[in-house]
Amino acid sequence: MSVSAIGVSPPRPAASLRGLRLTGSLLGLAILSAAALRFGFRPAGWDTVWAALTAYDPDDAGHIVIRSMRLPRLAGAVLAGAALGISGALIQGMTRNPLADPGLLGINGGAALGVVICILGFGITDPAAFVWVALGGALAASVAVFLLGGGSGASPLRLVLAGAALSALILALTRALLLVSSQTLDIYRFWVLGGFDGIVPATLVALLPFLALGAGLAAVAAAGLNALLLGEDTARGLGVRTGLARATAGSAIVLLCGTTVAMAGPIAFAGLIVPHLARWAAGPDMRWTLAFSAVFGPLLLVAADLAGRLPLFGGNMQAGVMTALIGGPVLIWMVRRNGVRSL
Amino acid sequence: MKLALFFPNARARLGACMLLAAAALAPAACAADAFPAVIEHRFGTTIVPAKPQRIVSLSYIGHDFLMALGEKPHALRKWFGDHPYGVWPWAQAALGDARPIVLQGQIDIERIAAMKPDLITGQWSGMSEREYALLSRIAPTIPPMAAHGSYGSPWQVMLRTLGTATGNAAKAEQIITRIEGRFATIRAAHPEWQGASAVMVSVPRTGAYSASDIRGQFLAALGFTVPEVENPFAPANAYYALLPDEDLSPIDTDALIWIDARGSAPRLKRLPLRPTLRAYREGREIYAGRLLSSALSHSSPLSLDAALDQLVPQLEAALDGDPGTPVSSMAEAGLLPEVR
């Protein structure tokens with residue numbers, strides 16, 4: 001990235017480094033994505049991958065696997081990764097709590113309860129049909145957390161406490177319901193791990209508008225959150241309407257995270273670790289943190305989904321499990337070398 | 001070997017004889033109702049001192065067997081479904097006006113002790129050796145036979161064992177003779193099935209039942225050969241092989257029976273590789289919905305008749321050699337290929 005010679009502000013080496021890092025990450029994501037299309041249970045060569053994408057033969061089993069199974073799976077991992085990364089960065093910025101993750105607002109719990117009620121009460125067992133109840137549950141629970149936390153005047157601490165309390169309550173309720181029916185448990189226990197192997201293209205398409213809206217709101221909220229990171233009073237002094245900024249960020253979190261849970265189940269850990277990596281790479285500016293989170297999230301989830309298919313992990317490990325297996329050591333390594341920035 | 005597994009009559013009968021003879025109780029008539037009854041199994045030997053009156057059935061399917069013998073369990077363990085007392089339609093008549101206690105979930109030893117049973121039956125219950133030891137202190141307890149895993153006992157073995165334990169040995173033999181006779185009649189009427197391949201595959205996670213599973217045994221009893229599908233993910237499971245959805249070729253048999261107890265037809269409909277199966281293109285798939293798949297999964301003296309009633313016409317339609325003959329269960333589930 002060239003530095004402008006006529007720029008008013010002096011050239012900042014951090015900026016060019018940032019650009020380099022972002023380009024590198026995108027390149028890494030492209031390589032991982034190609035690998036995600038090629039590797040799996042059924043062996044395929046690069047030529048098959050290319051043919052499946054450019055000259056699709058609906059009778060060729062190899063093409064079907066790449067086009068109808070691995071491609072939606074990859075798209076799901078990329079979308080979910082971006083959504084979780086962005087919402088994680090937003091909630092950590094909003095609450096100024098480096099341990100906050102999107103699950104904290106009751107979103108995962110609400111979605112899980114919705115799914116269990118759906119199986120138990122209505123006998124619906126098709127994961128593709130869970131989407132709308134999961135989304136509804138996530139929205140309902142997060143609205144409840146928001147109201148319990150004090151509405152638009154909610155302080156970050158009250159919000160987090162309300163989220164933790166309500167999440168615990170919802171979890172207890174979910175488990176009580178699961179105890180009643182072993183059949184529900186059986187379906188639920190695969191859903192709750194989170195993963196992309198059952199992703200249906202139609203579901204992805206239906207959920208895209210929610211993700212787009214969430215991403216748009218996140219972009220709008222970024223500037224306000226930058227000011228909020230300086231402290232409530234300073235932000236007000238700068239003329240930022242803090243309540244509005246929080247509400248915008250909150251809506252973005254609920255939309256992004258709720259849609260992800262609906263699509264792939266509650267994927268733990270991604271929303272926690274990705275913002276840390278992003279801040280490490282991007283510096284303190286929220287807008288850059290969001291941009292990096294939107295790339296690092298997919299990197300982590302595509303890698304997790306791909307690693308879950310390796311024989312080393314049994315060949316069919318859910319991505320939601322692999323996220324923590326891969327992300328955990330990375331986070332520990334960052335903490336050890338002081339790579340974790342406080343907020 | 002497979003044959004011996006499926007028709008262990010002679011051996012088992014001989015064994016029972018020898019046991020009884022060794023106990024010097026009823027050396028002449030093996031089928032006679034004799035107490036104390038002595039039953040050898042995977043965890044040792046159980047002696048039932050007298051005809052039991054309060055039977056607690058911990059097997060997910062065992063209450064069907066007891067009721068077939070005319071014994072109404074004091075308590076039974078519900079498997080799945082929302083039928084009264086966890087008893088499926090084919091066994092409701094045998095249940096009559098009995099009101100058994102319904103157990104669910106894990107084996108609750110304290111609760112069982114409070115029932116003061118005089119027999120605890122648990123073939124197909126998954127009970128551990130530790131649970132067996134504890135339960136044995138409450139009442140004589142019957143776990144699976146040594147030759148069969150927790151969920152692999154053929155129905156004849158289960159029925160014969162329960163017959164001996166409840167003093168209904170003669171009745172058990174009678175039932176076995178009748179049902180085996182029905183299988184033999186069907187086999188004789190369908191020479192084209194003999195040696196053809198067939199497999200039962202469960203959805204929502206695509207998994208093939210092996211030849212040693214009771215569903216595989218059912219197909220073998222009709223003369224089919226059940227393919228050995230290797231489980232790429234958990235090679236240890238002898239009953240069930242989870243299949244990667246990226247390769248369904250191991251289950252592309254002459255008759256492919258989809259076992260769906262939980263309404264997963266939508267998933268089956270969009271299973272990407274299904275259209276590449278020959279069985280799909282040639283109309284040799286059968287859809288076993290909730291009732292039929294449960295009847296097959298119970299494989300009890302009461303459910304086998306129901307399963308045969310439903311499945312035999314489907315198999316006839318699937319294997320008539322004409323891809324144009326629709327299999328009615330596939331049509332009803334909306335699973336027929338759209339363009340043939």
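The legends below describe close-up views of a predicted model.

**View 1. Aromatic pair Tyr188(A) and Trp191(A) within one helix of chain A.** Over all chains, the count of aromatic pairs comes to 14. In the pair formed by Tyr188(A) and Trp191(A), the ring centres are 6.0 Å apart and the planes stand at 35°, so the pair is classed as tilted. Helix H7 of chain A (residues 182–191) holds both residues, which are three residues apart, about one turn of the helix. Tyr188(A) has a relative accessible area of 9% and is buried because this value falls under 20%. Trp191(A), at 9% relative accessibility, is buried as well.

**View 2. Aromatic pair Phe183(B) and Phe218(B) between two helices of chain B.** The ring centres of Phe183(B) and Phe218(B) lie 5.4 Å apart; their planes are at 80°, over the 60 degrees required, and the pair is therefore edge-to-face. Phe183(B) belongs to helix H8 (residues 169–189) and Phe218(B) to helix H9 (residues 214–221), so the pair ties together parts of chain B that are 35 residues apart in sequence. Phe183(B) is buried, with 3% relative accessibility. Phe218(B) is likewise buried, with a value of 2%.

**View 3. Aromatic cluster in chain B.** Ring pairs join Tyr60(B), Trp79(B), Phe80(B), Trp88(B), Trp90(B), Trp124(B) and Tyr151(B) into a cluster.

**View 4. Arginine side chains over aromatic rings.** In chain A, Arg21(A) places its charged end over the ring of Trp280(A), at 5.6 Å from the ring centre. A further arrangement of this kind involves both chains: Arg205(B) lies over the face of Phe190(A), 3.7 Å from the centre of the ring.

**View 5. Interface of chain A and chain B.** At this interface, 22 residues of chain A are in contact with 22 residues of chain B. The two chains bury about 1,900 Å² between them, and 55% of this area is on carbon and sulfur atoms. Two salt bridges are counted between chain A and chain B. In a salt bridge between Arg42(A) and Asp247(B), the side chains meet at an N to O distance of 3.7 Å. Three residue pairs are in polar contact across the interface, both residues of each pair being at pLDDT 80 or more. On the side of chain A that touches chain B, helices H3 (61–95) and H7 each supply at least two residues. The largest share of that side, six residues, comes from H3(A).

Notes: Residues are numbered from 1 along each chain as its sequence is written. Chains are lettered from A and ligands numbered from 1 in the order in which they are written. This is a predicted model: local features need pLDDT of at least 70, side-chain atom pairs count only at pLDDT 80 or more; totals for chains, interfaces and linings use all residues. Side-chain values use heavy atoms; hydrogens and water are left out. Rings of Phe, Tyr and Trp (its six-membered ring) pair if their centres lie within 6.5 Å; planes under 30 degrees apart count as stacked, over 60 as edge-to-face and the rest as tilted. Helices (H or I, at least four residues) and strands (E, at least two) are DSSP runs, numbered from the N terminus. Buried means under 20% relative accessible area, exposed over 50%, partly exposed in between (1.4 Å probe, protein chains only). A charge sits over a ring if NZ of Lys or CZ of Arg is within 6 Å of the ring centre and within 35 degrees of the ring normal. Contact means heavy atoms within 4.5 Å. Buried area is the accessible area (1.4 Å probe) that two parts lose on being put together, summed over both. A salt bridge is a side-chain nitrogen of Lys or Arg within 4 Å of a carboxyl oxygen of Asp or Glu. A polar contact is a pair of N or O atoms within 3.5 Å; within protein, one must be able to donate a hydrogen and the other to accept it, and residues adjacent in sequence count only if both atoms are side-chain atoms.
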